[in-house]
Amino acid sequence: MHHLIRFNLYASRMMSEPAPPASPSGFVSLQHVRFTPAESLERARAFRAELASRRSVRRFSRDPIPDGVLDECIAAAASAPSGANKQPWTFVVVRDPATRQLLRYAVEEEERRFYSERITDLWREDLRPLGTTWEKPYVEEAPAVIVMFRQVHGVEGDRRVPHYYTQESVGIAVGFLLAALHHAGLVALTHTPAPMEFLERLLQRPHNERGFMLIPVGYPAEGCRVPDIPRKSLDEVRIVR
Ligand code: IYR
């Protein structure tokens with residue numbers, strides 16, 4: 001069935017439009033390293049093991065992050081693919097302690113409302129293994145909080161220009177960021193207080209930016225414990241056709 005649809009789309013395009021040029025101007029040669037099958041499997045295994053050891057952390061030490069590390073991780077995240085390469089993201093690094101304190105109060109105000117009014121019984125049950133409450137000391141204790149913003153459209157001079165697939169694009173960039181931070185030996189948390197308008201006000205973002213995620217980053221507090229929760233097995237998440 002899929003093959004038929006693909007074929008028909010392809011056939012109709014063939015008849016109505018000229019094929020796109022094989023290599024439009026403005027292309028460069030792909031830099032690609034081809035590993036042997038054995039190297040490839042070994043690298044895939046090592047990467048899987050490294051990523052699988054990443055955990056969301058909610059208790060941070062106040063130890064500072066070495067100079068330059070966050071910038072490298074953010075640059076890695078900003079290399080993510082995005083709709084029409086619009087790169088519709090802004091990373092606000094909040095290091096100033098006074099701003100982190102303001103951020104904590106604002107976050108806790110939203111979370112207090114969530115835990116007392118908006119949460120459903122089932123949701124409360126689902127969160128029990130994580131041990132979360134409205135209290136968010138990590139926003140203040142972590143040496144940095146990266147607040148990611150999604151640009152719903154671009155701005156060129158006084159014109160608004162479209163952005164595409166911004167949720168997907170920023171989501172991919174968050175994935176890259178988490179992997180980069182973990183690889184650099186830092187721990188982080190993906191925190192999504194809702195609604196997030198307060199982030200836009202507090203961090204004075206322009207009209208085209210929406211708060212997407214708050215990511216406290218640093219080192220775990222001494223004796224930090226994390227919930228003993230399983231990942232689904234490969235067989236539960238992957239099917240082969
Ligand atoms: N934002 C709240 C609640 C929360 C919701 C989900 I879904 C989580 O996976 C974890 C927490 C909080 O941060 O406490």
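Which residue has a polar side-chain atom that lies 3.0 Å from a nitrogen atom of the ligand? Select E111 in this predicted model, and measure from a polar atom of its side chain to that ligand nitrogen, where the separation is 3.0 Å.

**Around the ligand**

Keep the ligand in view and add K136, where a polar side-chain atom lies 2.5 Å from an oxygen atom of the ligand. Then add H191, which has an N or O atom in its side chain 3.3 Å from an oxygen atom of the ligand. With the protein in place, 70% of the 370 Å² of accessible area that the ligand has on its own is covered.

Next, widen the selection to the residues that surround the ligand, which are E111, F114, Y115, W123, L127, L130, T132, T133, K136, H191 and T192. Coloured by class, this shell shows 5 nonpolar, 4 polar and 2 charged residues. If you colour by secondary structure instead, α4 (97–118) and α5 (121–127) are the elements that give two or more residues to the shell, and α4 gives the most, with 3 residues.

**The pocket itself**

Now hide the ligand and display the empty space, since rolling a probe the size of a water molecule over the atoms shows where such space is left. The space that the ligand takes is the largest pocket, and about 360 Å³ lies within this pocket. Its lining is made up of 18 residues, and those to select for a view of the centre are E111, Y115, L127, H191 and T192, which lie nearest to it. Both α4 and α5 appear again here, as the elements that give two or more residues to the lining, with α4 giving the most, at 4 residues. By class, the lining of the largest pocket divides into 9 nonpolar, 5 polar and 4 charged residues.

**Two backbone stops**

Before the last two selections, it helps to recall that most peptide bonds are trans and that most residues other than glycine have a negative phi. Select A194 and P195 together, and you will find a cis peptide bond joining them, with omega at about -5°. P195 is placed in the loop between β5 (187–188) and α8 (197–202).

Finally, move to A84, a residue other than glycine whose phi is positive, near 50°. To place A84 in the fold, follow the chain from α3 (69–77) towards β1 (89–94), as the residue is in the loop between these two elements.

Note on methods:
Residues numbered from 1 in each chain as written. Predicted model: local features only at pLDDT ≥ 70, side-chain atom pairs only at ≥ 80, totals over all residues. Heavy atoms only, no water. Near = heavy atom within 4 Å. Polar contact = N/O pair within 3.5 Å; in protein donor to acceptor, adjacent residues only side chain to side chain. Areas by Shrake-Rupley, 256 points an atom, 1.4 Å probe, with all protein chains shown as cover. 1 Å grid on protein atoms, 1.4 Å probe; cavity = no way out; pocket = protein on both sides within 12 Å on 5 of 7 lines; lining within 4 Å. Sits in = over half its atoms within 2 Å of the grid points. Nonpolar A, V, L, I, M, F, W, Y, C, P; charged D, E, K, R; others polar. Points joined across faces, edges and corners; volume = space filled by probe spheres on them.
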